[in-house]
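Here are a few exercises to work through with the model open beside you. Try each task before you read its solution.

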Amino acid sequence: MAVKSIAVLTSGGDAPGMNAAIRAVVRAGINNEMRVIGVRRGYNGLISGDVFEMNLRSVSDIIHRGGTMLFTARSPEFNTPAGVQKAADTCRRLGVDGVVVIGGDGSFRGARDLTAAGIPCVGIPGTIDNDIQCSEYTVGFDTAMNTAMEMVDRLRDTSQSHDRCSVVEVMGRRCGDIALNTGIAVGATSILVPEIPYDLQRDVIDRMRFTQKTGKKHFIIIVAEGVGGVEELAKEIQKQTGVESRATVLGHVQRGGSPTLRDRVVASEMGNRAVDILKNGMGNRVVAVKDGRIVDYDITEALNMKKTFNKELYEIALKISI
Ligand code: F6P
């Protein structure tokens with residue numbers, strides 16, 4: 001069956017580069033003589049029919065913008081069989097032959113369910129956390145890391161002036177990739193991630209004391225959101241080392257801002273690939289990066305994959321951030 005009409009939506013937490021992915025889907029779709037429909041606010045827009053026809057100019061001037069022009073949401077209603085049916089009915093009513101879903105693994109579970117309801121879907125990993133099991137890379141990760149790095153560089157200035165310790169929480173609920181990479185890039189004395197249980201004495205206090213002996217007077221400790229507890233940690237560090245300590249939670253600042261070159265390029269490649277998959281009559285697929293190349297997997301298979309933590313990079317951090 002020739003695919004004549006596709007829809008695109010963003011779902012879950014937003015990520016810089018989502019706009020670049022939308023743009024690629026719209027332009028590649030139109031290039032393939034498809035009609036492209038934009039869906040507002042994720043699966044909620046499919047349920048309620050909040051959609052609009054897109055053309056080449058609908059996506060002008062967005063490649064450099066953070067956020068998502070389609071808005072995004074987490075949809076409790078879509079998590080019910082009735083919600084999925086309503087969304088599938090909207091697609092049939094609009095004559096939509098396939099849907100591109102840009103989001104995280106919750107959004108891919110939705111894409112799998114909608115495919116099962118008869119509407120072929122393709123997922124594009126869009127989340128700052130880099131926590132999608134099947135992909136080495138998710139759109140938004142590079143921008144978020146660079147934002148976190150820039151913010152911590154600023155904290156370093158003031159920590160250095162006051163001989164303080166800055167304990168900084170970066171995003172990442174289940175995945176320490178932002179923490180690990182930012183930690184390396186800012187020369188953090190300790191990096192605490194959800195993948196590796198930590199020991200306060202060994203992983204924080206002893207490392208600080210060791211570097212104090214070599215003359216170090218200011219410190220940065222990077223903590224992933226999934227580990228949390230930065231206020232308590234700062235107090236404990238101050239108590240045990242005598243170094244005045246401050247906690248900072250970077251929060252949603254990491255989700256905004258103009259996407260980096262890498263995010264724009266990967267988003268463009270992934271958007272193009274998603275349209276190719278639908279054009280070839282396939283659904284229930286997710287686009288991913290493997291060994292630096294764009295690939296795609298069956299969604300069910302992808303959701304069962306295990307994400308590996310970069311232990312080597314972590315070991316390097318332990319060795320050189322002293
Ligand atoms: O998944 C991306 C993310 O930013 C996580 O790092 C964070 O835990 C979560 O979203 C925050 O979600 P919300 O936008 O609902 O506060």
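**Exercise 1. Describe how helix 1 and helix 9 pack against each other.**

Start with the geometry: two packed helices are described by the angle between their axes and the distance between the axes. The axes of helix 1 (residues 18-31) and helix 9 (residues 261-279) come within 7 Å and cross at roughly 40 degrees. An axis here is a line fitted to C-alpha atoms, for helices over the stretch in contact, and angles run from 0 to 180 degrees between N-to-C directions. Helices (H or I, at least four residues) and strands (E, at least two) are DSSP runs, numbered from the N terminus.

Next, the hand: this crossing of helix 1 and helix 9 is right-handed, meaning that the near helix is turned clockwise from the far one by less than a right angle.

Now list who touches whom, with contact meaning heavy atoms within 4.5 Å. Helix 1 brings Ala-20, Ala-21, Ala-24, Val-25, Ala-28 and Gly-29, and these meet Arg-264, Ala-267, Ser-268, Gly-271, Asn-272 and Val-275 of helix 9. Sort them and you get seven nonpolar, four polar and one charged. For the sorting, Ala, Val, Leu, Ile, Met, Phe, Trp, Tyr, Cys and Pro count as nonpolar, Asp, Glu, Lys and Arg as charged, and the others, Gly among them, as polar.

A word on the source: this is a predicted model, where local features need pLDDT of at least 70 and side-chain atom pairs count only at pLDDT 80 or more, while totals for chains, interfaces and linings use all residues. Residues are numbered from 1 along each chain as its sequence is written, and side-chain values use heavy atoms, with hydrogens and water left out.

**Exercise 2. Work out the strand order of the open four-stranded sheet and find its edges.**

First, the order: it reads 7-8-6-9, with parallel pairing. Two strands pair if DSSP finds at least two bridges between them. Strand 7 and strand 9 (245-249) are the edges: each has a single partner strand, so one side of each has no neighbour in the sheet. From one strand to the next, the twist averages 15 degrees.

Then zoom in on one pair. Strand 7 and strand 8 are joined by three bridges in the parallel sense, and Ile-191 sits opposite Ile-222 in strand 8.

**Exercise 3. Is helix 6 mostly covered or mostly open?**

Count first: seven of the 10 residues in helix 6 (residues 177-186) are buried, which means under 20% relative accessible area, with exposed over 50% and partly exposed in between (1.4 Å probe, protein chains only). So "mostly covered" fits. The buried ones are Asp-177, Ile-178, Ala-179, Leu-180, Thr-182, Gly-183 and Val-186.

Then look for what covers them: their packing partners include helix 5 (141-162), strand 8 (219-224) and helix 11 (311-320). Right after helix 6 comes Gly-187, with a positive phi near 70 degrees.

**Exercise 4. Examine three loop residues, Met-69, Glu-33 and Asp-61.**

Take Met-69 first, in the loop between strand 3 (51-54) and helix 3 (81-94). Its relative accessibility is 25%, so Met-69 counts as partly exposed. Among the residues Met-69 touches are Asn-19, Ile-22 and Phe-52; Ile-22 is 47 residues apart from Met-69 in sequence, yet 8.4 Å apart C-alpha to C-alpha.

Now Glu-33, in the loop between helix 1 and strand 2 (35-39). Glu-33 isn't a glycine, but has a positive phi of about 60 degrees, and is exposed at 71% relative accessible area.

Finish with Asp-61, whose phi is also positive, near 65 degrees. Asp-61 is exposed too, at 54%.

Notes
Lists of a residue's contacts leave out its neighbours within four places in sequence.
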